[in-house]
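Let's walk through this structure together, from the overall fold down to single pairs of residues. Keep the viewer open as you read.

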Amino acid sequence: MKKILFLLFGAASLFSSFMLEAQTFSIPSDPSDTVNTPALGGAYTVYSNIKNITGSNLQIKWKVLATNMPADWLSSLQICDRDNCRPISLLWNSATSTGIPYTPTYHANSTHDSVELFSVGLDLTSVTSTGTHYFITINMVDQGTGNYTKNFTIFFNRQNVGVNNTVAPASDILMYPNPAKEELNVVYEGVPDIKNIAIYNIIGKVMAVYHVNESSANLNLESMPSGIYFVRLLNSTGNVVVTKKFTKQ
């Protein structure tokens, strides 16, 4: 009887562990959970939107876990979830290296693929600090019964990826509609190792960076003014693989 109870307890423990770690949401991430992004002068946003892969609404508690950004970088940093955009002063206590948590609700839909905003914004127009591999690490926890936990890190490298080091032809990606209004679809099935998609304006300023991990992406353009832009697909080392032009109406 003791052996049976032990086996049942062991099976229950394994089942509980499985349930505890069951994935309920996802964010785009490469195998090392890092994102290499261009950190040039000017303001831009890195999008790592959250996908609810369940059929129920999720309360996801998130906080800044660590960062090594210098003060002049941190002063312009803000993080947006689906509820609000907040400056780093409301998210991180530099004196104690402690993150202040927030718990927005990410909604579900019938196809279990609801994607809602999560982004990090920077304005490097006036920064004087130089260097590479400044980072911010964010922790996310599903507050429901699944209790799924995910950490991801965004690395900001001050490298001039605006230089045309394209290694694949523009014909390898499909981009529509063009001209675009509120959104742009980019399909890059034949181009391997794409981790980020950056949008530059006509004078080479980074407007937005989208963290991706699939073979296509839907880019939100609502905040961008009308004009001519360039889409650049970046690989895991931060190099530009494909460049293509589009018009925002």
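The chain has two helices and 21 strands, where helices (H or I, at least four residues) and strands (E, at least two) are DSSP runs, numbered from the N terminus. Before going further, please note that this is a predicted model: local features need pLDDT of at least 70, side-chain atom pairs count only at pLDDT 80 or more, and totals for chains, interfaces and linings use all residues. Residues are numbered from 1 along each chain as its sequence is written, and side-chain values use heavy atoms, with hydrogens and water left out.

How much of the chain is buried? Buried residues make up 43% of the 249 residues; here buried means under 20% relative accessible area, exposed over 50%, and partly exposed in between (1.4 Å probe, protein chains only). The chain exposes about 12,400 Å², and carbon and sulfur atoms supply 54% of that area. Such accessible areas come from the Shrake-Rupley method with a 1.4 Å probe, and for residues only the protein chains shown count as cover. Turning to contacts (heavy atoms within 4.5 Å), we can take those between residues at least 6 apart in sequence: 70% of them join residues at least 24 apart.

Now to the interior. In soluble globular proteins, nonpolar side chains tend to be buried together. A nonpolar core is a set of buried Ala, Val, Leu, Ile, Met, Phe, Trp, Tyr and Cys residues joined through side-chain atoms within 4.5 Å. The largest one holds 38 residues, and I79, F118, I136, I138, M140 and F156 touch the most other members. Among the elements that give two or more residues to this core are strand 5 (58-67), helix 2 (71-74), strand 13 (134-142) and strand 14 (149-157). A second, separate core of 25 residues includes I173, L184, Y188 and A208.

Two buried valines show how residues far apart in sequence meet. V209, in strand 18, is buried with a relative accessible area of 0%. V209 and Y47 are 162 residues apart in sequence, yet 6.1 Å apart in space, C-alpha to C-alpha. V240 lies in strand 21 (residues 240-248) and counts as buried at 1% relative accessibility. Its C-alpha is 9.3 Å from that of A198, with the two positions 42 residues apart in sequence numbering.

Next, the aromatic rings. Rings of Phe, Tyr and Trp (its six-membered ring) pair if their centres lie within 6.5 Å; planes under 30 degrees apart count as stacked, over 60 as edge-to-face and the rest as tilted. The structure holds eight aromatic pairs. One of them, F118 with F152, is edge-to-face, at 6.2 Å centre to centre and 75 degrees between the planes. This pair links distant parts of the chain, with F118 in the loop between strand 11 (114-116) and strand 12, and F152 in strand 14, 34 residues apart. Both F118 and F152 are buried. Ring pairs also link W62, Y102, F118 and F152 into a cluster.

Y102 has a charged partner too: R86 lies over its face, 3.8 Å from the ring centre. A charge sits over a ring if NZ of Lys or CZ of Arg is within 6 Å of the ring centre and within 35 degrees of the ring normal. Likewise, the charged end of R232 sits over the ring of Y200, 4.6 Å from its centre.

Finally, C80 and C85 form a disulfide (a pair of cysteine sulfur atoms within 2.5 Å), with their sulfur atoms 2.0 Å apart. The torsion about the S-S bond is about 110 degrees, so this disulfide is right-handed. C80 counts as buried at 6% relative accessibility, whereas C85 counts as partly exposed at 41%.
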